[in-house]
Amino acid sequence: MDTKAFTSFLHSNIPLTEFMDIQAETYTPEKVVLSVPFAQNKNDKNTGFAGSISALMTVCGWSVMYANFHELLPKGNITGDFRAECICNDPEGKQALLDSFAKFQKGKLILHIQCFCGDLLTAEMEATYFITK
């Protein structure tokens with residue numbers, strides 16, 4: 001599949017990719033490069049929105065899996081409404097971020113996020129969020 005056909009495939013099958021205007025620049029089993037325009041993927045600070053960055057990276061990784069193993073990929077287990085939960089109960093991590101920010105004008109915090117469909121845990125991820133001045 002060429003890049004134009006893969007971009008069309010993404011837009012037709014994953015609605016968010018069309019809204020974000022994800023474009024395939026390279027699509028091979030060895031390498032996938034996806035890009036998005038800044039205009040619809042920015043936040044209130046006029047910088048790249050973390051949600052768009054995360055979604056773009058997730059779709060990119062999924063695209064490599066699809067390019068290599070599309071015939072093996074199972075149907076997902078999320079078949080209805082779903083939700084994500086993130087509990088930030090790490091006082092030491094929060095304090096480390098604040099201390100770093102006070103000293104260096106930047107800090108980071110590692111968050112653990114879970115996705116549920118009803119009561120079924122369907123996915124987990126760990127993400128590092130950065131704050132810079």
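How much space lies in the second largest pocket? In this predicted model, the second largest pocket holds about 320 Å³ of space. Its lining is made up of 14 residues. Ala50, Ile53, Ser54, Thr128 and Tyr129 are the ones nearest the centre of this pocket. Two elements, α3 and β5, each give at least two residues to the lining. By class, seven of the lining residues are nonpolar, six are polar and one is charged.

The largest pocket contains about 1,000 Å³ of space. A total of 22 residues line the largest pocket. Nearest its centre lie Thr58, Ile78, Phe82, Cys115 and Ala123. At least two lining residues come from each of α3 (50-69), β3 (83-86), β4 (106-117) and β5 (120-132). The largest share belongs to α3, which supplies five residues. The lining of the largest pocket divides into 14 nonpolar, six polar and two charged residues. Rolling a probe the size of a water molecule over the atoms reveals where space is left empty.

The strands that help to line the largest pocket also form a sheet. This sheet is open and has three strands, in the order β3-β4-β5. The pairing is antiparallel. Why is one side of β3 and of β5 left without a neighbour in the sheet? Both strands stand at the edges, and each has a single partner strand, so one side of each has no neighbour there. Neighbouring strands of the sheet are turned against each other by 30° on average, direction ignored. Between β4 and β5, the antiparallel pairing runs over 12 bridges. Lysine 106 stands opposite threonine 132, a residue of β5.

Helix α4 covers residues 91-104 and lies across β4 and β5. The helix runs at about 145° to β4. Does the length of α4 agree or disagree with its 14 residues? At 1.5 Å a residue, α4 should span 20 Å. The C-alpha atoms at its ends are 20 Å apart, so the span agrees with the expected value. An α-helix has 3.6 residues a turn, so residues three or four places apart point the same way. Just after α4 comes glutamine 105, which takes a positive phi of about 65°.

Definitions and conventions. Residues are numbered from 1 along each chain as its sequence is written. This is a predicted model: local features need pLDDT of at least 70, side-chain atom pairs count only at pLDDT 80 or more; totals for chains, interfaces and linings use all residues. Side-chain values use heavy atoms; hydrogens and water are left out. On a 1 Å grid over the protein atoms alone, a cavity is a set of points where a 1.4 Å probe fits but cannot get out, and a pocket is an open set with protein on both sides within 12 Å along at least five of seven lines; lining residues have an atom within 4 Å of a point. Grid points are joined across faces, edges and corners, and a volume is the space filled by probe spheres set on the points. Helices (H or I, at least four residues) and strands (E, at least two) are DSSP runs, numbered from the N terminus. Ala, Val, Leu, Ile, Met, Phe, Trp, Tyr, Cys and Pro count as nonpolar, Asp, Glu, Lys and Arg as charged, and the others, Gly among them, as polar. Two strands pair if DSSP finds at least two bridges between them. Axes are lines fitted to C-alpha atoms, for helices over the stretch in contact, and angles run from 0 to 180 degrees between N-to-C directions. Contact means heavy atoms within 4.5 Å. The expected span of a helix is 1.5 Å times one less than its number of residues.
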